[in-house]
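This report goes through a structure, moving from helices to the core, the aromatic rings and the relation of the copies.

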Number of protein chains: 2
Amino acid sequence: MTEKKRERGYSGFLMRQRAFLKLYLITYAEESGSYGFQALGLLKDKFKQFGFKPQHSEIYRALHELMEEDILKRKKAPKDDAKYQEIAVYYIHDRERAKAYKRLVKADLDRCMGILHTAIRDNY
Amino acid sequence: MTEKKRERGYSGFLMRQRAFLKLYLITYAEESGSYGFQALGLLKDKFKQFGFKPQHSEIYRALHELMEEDILKRKKAPKDDAKYQEIAVYYIHDRERAKAYKRLVKADLDRCMGILHTAIRDNY
């Protein structure tokens with residue numbers, strides 16, 4: 001996050017979609033052990049009611065960042081319905097790093113809630 | 001907002017800073033009658049506690065959009081402390097349009113709150 005703050009013109013408004021998706025990708029791995037990219041369709045459906053449709057490519061980039069940060073890892077696993085086919089599945093590699101990242105994002109979520117609450121109180 | 005939705009890769013995540021600033025710029029004009037650009041320093045100070053510091057240039061662009069949309073207008077007014085100097089002040093031009101815009105932004109604020117609440121509930 002420090003790097004982003006150094007960007008020219010960065011003003012620190014609401015959180016970035018990337019961090020938001022990474023949060024979910026960690027929780028899914030914590031809860032389910034491992035999942036394939038296909039399973040992430042759930043994430044796309046979940047927020048439809050709020051008019052938010054994360055792009056396939058953005059989810060993919062979030063997964064890649066988590067692997068670069070040693071939080072998730074990828075392995076090959078047999079595909080459920082095809083005995084001799086394999087798919088890539090993602091799982092938690094470093095549980096402590098995962099928790100630390102989630103704490104950071106929680107602080108950012110609270111910060112954003114503060115901004116929105118203030119705006120509602122001040123303007124309506 | 002419709003135009004933005006047509007942007008390539010637009011996913012409808014959290015609201016844009018521009019709309020957020022326009023909301024405040026309308027409310028300030030509703031409450032104070034008119035104000036000069038200097039008065040907007042208040043807006044910059046207000047959100048410091050949340051790590052959000054709107055840029056001068058971004059506030060200026062928001063003011064300009066509001067003028068293009070016939071919501072605000074600009075006029076010359078005498079400067080308080082200098083008898084023969086003038087400054088530009090902004091005031092509400094179309095009260096109904098201003099209200100309609102605020103209603104739109106309220107819906108967006110509520111939508112964003114929904115996204116953030118969902119994430120907190122799902123991940124913590």
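Buried here means under 20% relative accessible area. The model is predicted.

**Helix α2 of chain B**

By that cut-off, α2(B) is mostly covered, with twelve of its 16 residues buried. The buried residues of α2(B) are B:Gln17, B:Ala19, B:Phe20, B:Leu21, B:Lys22, B:Leu23, B:Tyr24, B:Leu25, B:Ile26, B:Thr27, B:Tyr28 and B:Ala29. Because each residue should add 1.5 Å, the 16 residues of α2(B) are expected to span 22 Å, and the end C-alpha atoms, 23 Å apart, agree with this. Just after α2(B), B:Gly33 has a positive phi of about 85°.

**Helices α2 and α4 of chain A**

A:Gln17 belongs to helix α2 of chain A. With a relative accessible area of 15%, A:Gln17 is buried. Leaving aside residues up to four places away in sequence, A:Gln17 touches A:Phe52, A:Pro54, A:Gln55 and A:Glu58, as well as B:Ser11 and B:Phe13.

A:Glu58 is also one of the buried residues in α4(A), together with A:Ile59, A:Ala62, A:Leu63, A:Leu66 and A:Met67. Helix α4 of chain A covers residues 56-68; at 1.5 Å a residue its 13 residues should span 18 Å, and the end C-alpha atoms are 19 Å apart, which agrees. A:Asp70, just after α4(A), takes a positive phi of about 60°.

**The nonpolar core**

In soluble globular proteins, nonpolar side chains tend to be buried together. The largest nonpolar core in this model has 75 residues, of which A:Met15, A:Phe20, B:Met15 and B:Phe20 touch the most other members. In each of chains A and B, the elements that supply at least two residues of this core include α2, α4, β3 and α5. The largest share, ten residues, comes from α5(B).

B:Met15 touches residues of both chains: A:Phe13, A:Leu14 and A:Leu116 on one side of the list, and B:Phe20, B:Val105, B:Asp108, B:Leu109, B:Arg111 and B:Cys112 on the other, not counting residues up to four places away in sequence.

**Aromatic rings**

Over all chains the structure holds 24 aromatic pairs. Two of them are tabulated.

| Pair | Centre to centre | Angle between planes | Class |
|---|---|---|---|
| B:Phe20 and B:Tyr24 | 5.6 Å | 50° | tilted |
| B:Phe47 and B:Phe52 | 5.5 Å | 50° | tilted |

B:Phe20 and B:Tyr24 both lie in helix α2 of chain B, four residues apart, about one turn of the helix. Both B:Phe20 and B:Tyr24 are buried. B:Phe47 counts as buried because its relative accessibility is 1%, and B:Phe52 counts as buried at 0%. These four residues belong to one aromatic cluster, which also contains A:Phe13, B:Tyr28, B:Tyr35, B:Phe50 and B:Tyr90.

Rings also lie under charged ends from the other chain. The charged end of A:Lys102 sits over the ring of B:Tyr124, 5.7 Å from its centre. The charged end of B:Lys106 sits over the ring of A:Tyr124, at 5.9 Å from the centre.

**Relation of the two chains**

How are chain A and chain B superposed? A rotation of 180° with 0.0 Å of shift along its axis does this, at an RMSD of 0.0 Å. The two copies are therefore related as by a two-fold rotation axis. The same surface serves both copies, since 100% of the contact residues of chain A recur in chain B.

Technical notes:
Residues numbered from 1 in each chain as written. Chains lettered and ligands numbered in written order. Predicted model: local features only at pLDDT ≥ 70, side-chain atom pairs only at ≥ 80, totals over all residues. Heavy atoms only, no water. Expected span 1.5 Å × (residues − 1). Buried < 20%, exposed > 50% of the residue type's maximum accessible area, 1.4 Å probe, protein only. Least-squares fit on C-alpha atoms with pLDDT ≥ 70 in both. Contact = heavy atoms within 4.5 Å. Core = buried A, V, L, I, M, F, W, Y, C linked by side-chain atoms within 4.5 Å. Phe/Tyr/Trp six-rings, centres within 6.5 Å; stacked < 30°, edge-to-face > 60°. Lys NZ or Arg CZ within 6 Å of the ring centre and 35° of its normal.
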